[in-house]
Amino acid sequence: MQRIRSLKIGWQLLKSSCEGAGKHVNTPTSTSRGYSHLPPQSGSGSFGLLFDIDGVLVRGRTPIPAAKQCFRNLVDRNGKYKVPVVFVTNAGNCMRQAKAEHLSHLLEVEVCPEQVMLSHSPLRMFTQFHKMRVLVSGQGPVEEVAHNLGFQDVITIDMLREAYPLLDVVDHNRRPKDGIPPTKGLRPIDAVILFGEPIRWETNLQLIVDVLLTNGNPDNPWSSMRYPHIPVLACNMDLLWMAEAKNPRFGHGMFLVCLESLYKKVTGYELKYEALIGKPSVVTYNYAELLIRQQAERLGWTTPVKRLYAIGDNPMADIYGANLYNRYLQASRHTKAQMQAKSSGGGADPLAETVDEAPKMTSAELGGASSAYGAEEDLPESCSSILVCTGVYSRDQQELPSDPTHTVTEQQIFHGHRDFRFDPSLTQPSFVVQDVKEAVELVFQQEGRPLE
């Protein structure tokens with residue numbers, strides 16, 4: 001109950017800060033920077049776009065040609081966006097200001113930090129951990145990122161290995177050569193935050209296991225009796241991602257597989273996560289929807305965003321996540337309708353039968369969303385998934401099965417995280433197109449809106 005209460009408080013704080021940011025930017029000076037005030041067409045409702053980045057807009061540092069063409073159409077002649085746009089990426093090795101500047105340069109349109117969501121962004125709502133001493137793993141400015149998210153007492157892997165120089169010995173060149181150096185004796189670590197794939201996997205794997213098996217004090221002997229271990233929060237579960245190479249590259253999900261396997265091999269127990277954040281978790285899409293709502297306010301829209309379209313290249317992250325979130329939206333609508341029916345003494349909800357047939361979501365899939373984002377919110381009606389063929393998925397290498405329930409097996413293609421159920425239907429996109437330009441054209445066609 002304490003965790004649920006903390007998440008709810010954190011989400012309300014995050015929501016109020018986003019709404020405050022939306023009001024702040026609603027001044028004539030700032031709204032004129034990047035948003036058109038063109039309202040949704042009468043009767044058509046309103047919609048927003050969620051863009052993945054790697055494999056959709058870029059391959060490594062190389063922009064996909066269709067992306068520039070796409071964004072030329074998405075902004076008006078003054079360079080202002082026609083609809084709310086948020087970039088949702090599982091990358092997390094930078095600040096969102098840097099990612100916004102990078103996207104602005106690549107796409108040749110202005111992208112502001114409020115439009116960028118990194119895999120670790122929802123950690124802002126996990127306020128119950130912000131005053132704890134946390135060990136962070138990843139690459140890039142991880143200490144700065146952690147402080148920016150609200151964490152006040154941060155220890156990096158490098159700081160830990162310097163404090164305990166006898167722990168990191170896989171690389172013979174890094175072993176102490178002149179006697180046994182003293183340890184600094186740091187205060188115990190309370191939680192572990194995994195931002196993304198690190199540089200030296202062996203160092204990170206060794207020291208993280210040390211921390212988990214010593215209750216946060218790696219100067220102590222290992223003990224598998226210390227179970228469950230201190231909290232672990234992981235961002236970005238992508239097993240694979242697409243860069244300039246012809247074949248996918250290992251992602252942070254692969255590092256998590258290694259950590260989970262090592263921990264179980266040593267202790268006999270399963271590694272437990274306090275939270276799994278980033279696509280495909282529901283809490284990630286809830287956060288993205290909040291940013292879409294903020295963008296709609298900056299556009300001057302007064303009607304709520306009814307439909308979301310999530311464009312991605314990875315069936316196991318982008319498509320699975322968007323479909324899982326769509327299932328969550330349907331369940332939320334069902335819950336809200338039930339509450340309204342009970343209060344008014346009405347009949348049964350027509351959505352009930354469809355929703356009840358769907359399996360209940362696991363706590364890992366929700367990531368705290370059920371407690372942090374209640375049915376009273378004015379959520380969108382749906383979230384459609386659009387798969388492009390310019391990244392992890394390629395029609396030349398794999399064909400989506402016509403009946404995934406009978407033809408997909410977990411051993412063959414399920415690259416999702418261990419704690420997410422294997423549900424073949426969630427890997428099936430609403431639409432498959434060649435590239436992001438075709439995806440946006442399809443959305444505007446579906447919405448009956450002119451793109452140019």
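This is a tour of one predicted model, stop by stop, with a selection to make at each stop.

**Before starting**

Residue numbers count from 1 along each chain as its sequence is written, and side-chain values use heavy atoms, with hydrogens and water left out. Because the model is predicted, local features need pLDDT of at least 70 and side-chain atom pairs count only at pLDDT 80 or more, whereas totals for chains, interfaces and linings use all residues.

**Whole chain**

Select the chain and show it as a cartoon. The chain has 16 helices and 15 strands; these are DSSP runs numbered from the N terminus, with helices being H or I of at least four residues and strands E of at least two. Of its 452 residues, 56% count as buried. Buried means under 20% relative accessible area, exposed over 50%, and partly exposed in between, with a 1.4 Å probe and protein chains only. Among contacts (heavy atoms within 4.5 Å) between residues at least 6 apart in sequence, 76% join residues at least 24 apart.

**Stop 1: the six-stranded sheet**

Select β5, β4, β1, β13, β14 and β15. In that order these six strands form an open sheet, and the pairing is parallel. Two strands pair if DSSP finds at least two bridges between them. β5 (116-117) and β15 (431-433) each have a single partner strand, so one side of each is left without a neighbour in the sheet.

Now select β1, residues 47-51, together with β13, residues 307-312; five bridges join these two parallel strands. Phe 47 has Arg 307 of β13 as its bridge partner, and Gly 48 stands opposite Leu 308 of β13. Turning to β4, three bridges join it to β1, again in parallel. Here the bridge partner of Leu 49 is Val 85.

Show the side chains of β1. Phe 47, Leu 49 and Phe 51 point one way, Gly 48 and Leu 50 point the other way, and all are buried.

Add the helices that lie on the sheet. Helix α3 (residues 65-74) touches β1 and β4 (85-88), and its direction makes about 160 degrees with that of β1. Helix α9 (residues 282-299) lies across β1, β4, β5 and β13, running at about 155 degrees to β4. For these angles, axes are lines fitted to C-alpha atoms, for helices over the stretch in contact, and angles run from 0 to 180 degrees between N-to-C directions.

**Stop 2: Thr 302**

Go to the loop between α9 and β13, where Thr 302 is found. Is Thr 302 buried or exposed? Its relative accessible area is 78%, which means that Thr 302 is exposed. Draw a distance from its C-alpha to that of Ser 46: the two residues are 256 apart in sequence and 9.8 Å apart in space.

**Stop 3: Ser 385**

Select β14, residues 382-388, and find Ser 385 in it. Ser 385 counts as buried because its relative accessibility is 0%. Leaving aside residues up to four places away in sequence, Ser 385 touches Ala 310, Ile 319, Ala 322, Asn 323, Gln 428, Pro 429, Ser 430 and Phe 431.

**Stop 4: the five-stranded sheet**

Select β7, β6, β8, β9 and β12. In that order the five strands form an open sheet with parallel pairing. The edge strands, each pairing on one side only, are β7 (153-156) and β12 (275-277). From one strand to the next, the twist averages 20 degrees.

At the β12 edge, three bridges join β12 to β9 (residues 232-235). One to display is Cys 235, whose bridge partner in β12 is Ile 277.

**Stop 5: helices α7 and α8**

Select residues 201-213 for α7 and 252-267 for α8; the two helices pack at about 45 degrees, with axes 10 Å apart. That angle makes α7 oblique to α8. The contact residues include Trp 201, Leu 205 and Ile 208 of α7 and Phe 255, Leu 259 and Tyr 263 of α8.

**Stop 6: Leu 166**

Finish in the loop between α6 (157-163) and β8 (191-194), which holds Leu 166. Leu 166 is partly exposed, at 46% relative accessible area. Apart from residues up to four places away in sequence, Leu 166 touches Pro 176, Ile 180 and Pro 181. The C-alpha atoms of Leu 166 and Pro 182 are separated by 9.0 Å, with their positions 16 residues apart along the chain.

Notes. Parallel < 35°, antiparallel > 145°, perpendicular 65-115°, else oblique.
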